[in-house]
Amino acid sequence: MVLLGGMLFTDSWSPRAVSLGLFLFLVVRPVSVFLGLLGSGASWRLQMLVGWFGVRGIGSLYYLMFAVVFGLPEELSLELIHITLVVVVLSIIIHGLTVKPMMTRWWGP
């Protein structure tokens, strides 16, 4: 967490990075999880939880670094690094604040 925070700059939080991050976080991931679970027999409740909490964090950083190492142009690399870090930090903050209420609502008794 400390290293992640140390990689962020004030200009990382551009309106473009934050809005794209929120769109990916609030729309793209839940929709992709829902489509991926179609026909799986998973309950609606489980689909909601997986769509909200789903896989996050380290995978995003791994694939980003893979692209950077294998020749992504520097200007694009910097922009994608900012967006990825903002998405991961937003994910940590939002999931940390919502885990208890969501689990109580969707997985409670």
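These exercises work through a predicted model of one protein chain.

**Exercise 1. Find the secondary structure of the protein chain and the order of its elements.**

Step 1. Count the elements: the chain has five helices and zero strands.
Step 2. Read from the N terminus: the order is α-α-α-α-α.

**Exercise 2. Describe how helices α2 and α3 are placed relative to each other.**

Step 1. Locate the helices. α2 covers residues 15–36, and α3 covers residues 44–53.
Step 2. Take the distance and the angle. The two axes come within 8 Å and cross at roughly 135°.
Step 3. Classify the angle. Roughly perpendicular ends at 115 degrees, and roughly antiparallel means over 145. The crossing angle is roughly 135°, so α2 and α3 are oblique to each other.
Step 4. Give the handedness: α2 passes α3 in a right-handed crossing.

**Exercise 3. Which residues of α2 and α3 meet, and what kinds of residue are they?**

Step 1. List the α2 side: F25, L26, R29, P30, V33 and F34.
Step 2. List the α3 side: W44, Q47, V50, G51, W52 and F53.
Step 3. Sort the residues of this contact. Nine are nonpolar, two are polar and one is charged.

**Exercise 4. Describe the protein chain as a whole: its span, burial, contacts and exposed area.**

Step 1. Span: the C-alpha trace extends about 50 × 30 × 25 Å along its principal axes.
Step 2. Burial: 28% of the 109 residues count as buried.
Step 3. Contacts: take those with a separation of 6 or more. Residues 24 or more positions apart account for 78% of them.
Step 4. Surface: the chain exposes about 7,400 Å². Carbon and sulfur atoms supply 75% of that area.

Conventions: Residues numbered from 1 in each chain as written. Predicted model: local features only at pLDDT ≥ 70, side-chain atom pairs only at ≥ 80, totals over all residues. Heavy atoms only, no water. Axes fitted to C-alpha atoms, helices over the stretch in contact; angles between N-to-C directions. Helix = DSSP H or I, 4+ residues; strand = E, 2+ residues; numbered from the N terminus. Parallel < 35°, antiparallel > 145°, perpendicular 65-115°, else oblique. Left-handed = near helix turned anticlockwise from the far one by under 90°. Contact = heavy atoms within 4.5 Å. Nonpolar A, V, L, I, M, F, W, Y, C, P; charged D, E, K, R; others polar. Buried < 20%, exposed > 50% of the residue type's maximum accessible area, 1.4 Å probe, protein only. Areas by Shrake-Rupley, 256 points an atom, 1.4 Å probe, with all protein chains shown as cover.
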